[in-house]
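Visitor: I am new to this structure and would love a close look at one part of it. Could you take me through the sheet and the pieces around it?

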Amino acid sequence: MAEESDLEKTEPASPRRLEKAREEGNVARSRELATFVLLATAVAGLWSMAEPLGSHFRASLGHGLRFERAAAFDTSFMLTQAGLLAMQALVAMAPLMGMLVLAALVAPLMLGGWLFSTQALGPKFDKLDPIAGVKRLFSTQSLAELFKALAKSLLIGGVAWLVIRDGLDQVNALMAQSERAALPQMILLVARNCALITAALLLIAMVDVPWQLWSYYRKLRMSREDLRQEHKESEGDPHIKAQIRRQQQQMAKRRMMSEVPKADIVVTNPTHFAVALKYVDSDMRAPRVVAKGTDRVAERIREIAKENKVAILEAPPLTRALYKHTRLGDEIPTGLYTAVAEVMAWVYQLKRWHAEGGDAPRTPGDLPIPQDLQYTPNAA
């Protein structure tokens, strides 16, 4: 079947489709949101740690500019000094780095959640197709990303230009201050300017997140044929299931028919219903239903009973009651004990008559059927 166009995929993605996409590493992501969270965390860290960072950098700067005559004759002095200053800088920046690592871990939870998929690491040779690559280059998604990148550059560039222009006087004023006062002021100034630029990223993220969600669910839309195919895969092909049910019914019917020759009596309606009963004194508390059916099945039960010389009795009320209130293998209801006892007594008398001769036993009639067990098919 030819590949369906996006216009035919009008149904929202099913839970199974979303789960499968996630297993493949395909979830909604927004780089703009992650970038905003990281920058906002960095700005907050700089703002809150401006004073200690300023003091540390001032001390490091003073220590680095200090020069002793003995150091001029020590060839390893500069390397040792550089290592010491680098270590001090790492220690000072460790809290900020920790905040950034935490932000990088938390950012994915805001959209899509954490995800690790080995399928996403596998090679995808369709990505090497140059024709498909050209199509992706000029796709709606690519054009949207291009427009978003241009808008982001213009917005952030404009905000940065305004912020830097307004802060030139403050930057120039730092040169007239001592290093003790200038360094913290410089860090606060950088943090404030970064905060204003980051606010522009917030606007971009607020637009990008809904766009990414819409684009993600749009890509996963399904056609009605996709839904039917998924239903077949998850629930099974209905035609195959129906065929299996028919085979199971036929097997059950054959097993049931194999029990008819072993029955003691078959009671009939006389044509629409038939129920076969068997009783073994040593194994059963009461007679059990070994076969039952209506119409063609009932006719087949009667035929097998005649072929195997199983007694057949026309007892419509009893037959209907047994058919309605029992299942295969069930013992007869206690309310039918009296009626079935008369029938079984007739069966034993009939067997004795066939073996010994004499007067034929009287066929039982007007069997007692309790009102709550009576069954009239037309009224059901």
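Guide: Happy to. Let's begin with one pair of strands: S2, residues 273-278, is joined to S3 by six bridges, and the two run antiparallel. At one place along this pair, Lys-278 stands opposite Arg-288 in S3. Please keep in mind that this is a predicted model.

Now widen the view to the sheet. It is an open sheet of four strands, in the order S3-S2-S1-S4, with mixed pairing. Strand S3 (288-294) and strand S4 (311-314) are at the edges; each has a single partner strand, so one side of each has no neighbour in the sheet. From one strand to the next, the twist averages 20°. As general background, strands of a sheet pair through backbone hydrogen bonds, either parallel or antiparallel.

Next come the helices beside the strands. Helix H11, residues 295-307, lies across S1 (265-268), S2, S3 and S4, and runs at about 125° to S3. Helix H12, residues 316-325, also packs on the sheet: it touches S1, S2, S3 and S4, and its direction makes about 80° with that of S2.

Two residues here deserve a pause for their backbone angles. Asp-295 lies in helix H11. Its phi is near 50°, a positive value in a residue other than glycine. With a relative accessibility of 46%, Asp-295 counts as partly exposed, because that value falls between the 20% and 50% cut-offs. Further on, in the loop between H11 and S4, you will find Lys-309. Lys-309 is not a glycine either, yet it has a positive phi of about 55°. Its relative accessibility is 75%, so Lys-309 counts as exposed.

Then turn to helix H13, residues 337-356. At 1.5 Å a residue, its 20 residues should span 28 Å, and its end C-alpha atoms are indeed 28 Å apart, so the two agree. The buried residues in H13 are Ala-339, Val-340, Val-343, Met-344, Trp-346, Val-347 and Leu-350. These cover an arc of only 155° around the axis, which puts them on the same side of H13. What do they pack against? The buried residues of H13 pack against S1, S2, S4 and H12. On the face turned away from that buried side, H13 carries the exposed residues Ala-355 and Glu-356. After H13 comes Gly-357, with a positive phi near 85°.

For contrast, let's visit a helix earlier in the chain. Helix H2 covers residues 31-48; its 18 residues should span 26 Å at 1.5 Å a residue, which agrees with the 26 Å between its end C-alpha atoms. Among the buried residues in H2 are Glu-32, Leu-33, Phe-36 and Val-37. Glu-32 has 5% relative accessibility, so it counts as buried. Leaving aside residues up to four places away in sequence, Glu-32 touches Lys-148, Lys-152, Ile-204, Ala-205 and Asp-208.

An unreviewed UniProt entry gives the annotation "transmembrane region" to residues 33-50, 96-117 and 184-214. In this model, residues 184-214 are 100% helix and 0% strand, with end C-alpha atoms 44 Å apart.

Finally, step back to the chain. Its secondary structure comes to 13 helices and four strands. Of the 380 residues in the chain, 29% are buried. Among contacts between residues at least 6 apart in sequence, 76% join residues at least 24 apart.

Notes. Residues are numbered from 1 along each chain as its sequence is written. This is a predicted model: local features need pLDDT of at least 70, side-chain atom pairs count only at pLDDT 80 or more; totals for chains, interfaces and linings use all residues. Side-chain values use heavy atoms; hydrogens and water are left out. Two strands pair if DSSP finds at least two bridges between them. Axes are lines fitted to C-alpha atoms, for helices over the stretch in contact, and angles run from 0 to 180 degrees between N-to-C directions. Contact means heavy atoms within 4.5 Å. The expected span of a helix is 1.5 Å times one less than its number of residues. Buried means under 20% relative accessible area, exposed over 50%, partly exposed in between (1.4 Å probe, protein chains only). UniProt positions are given in the numbering used here, feature names are shortened, and annotations may be inferred rather than shown by experiment. The arc is that of the directions from the helix axis to the C-beta atoms.
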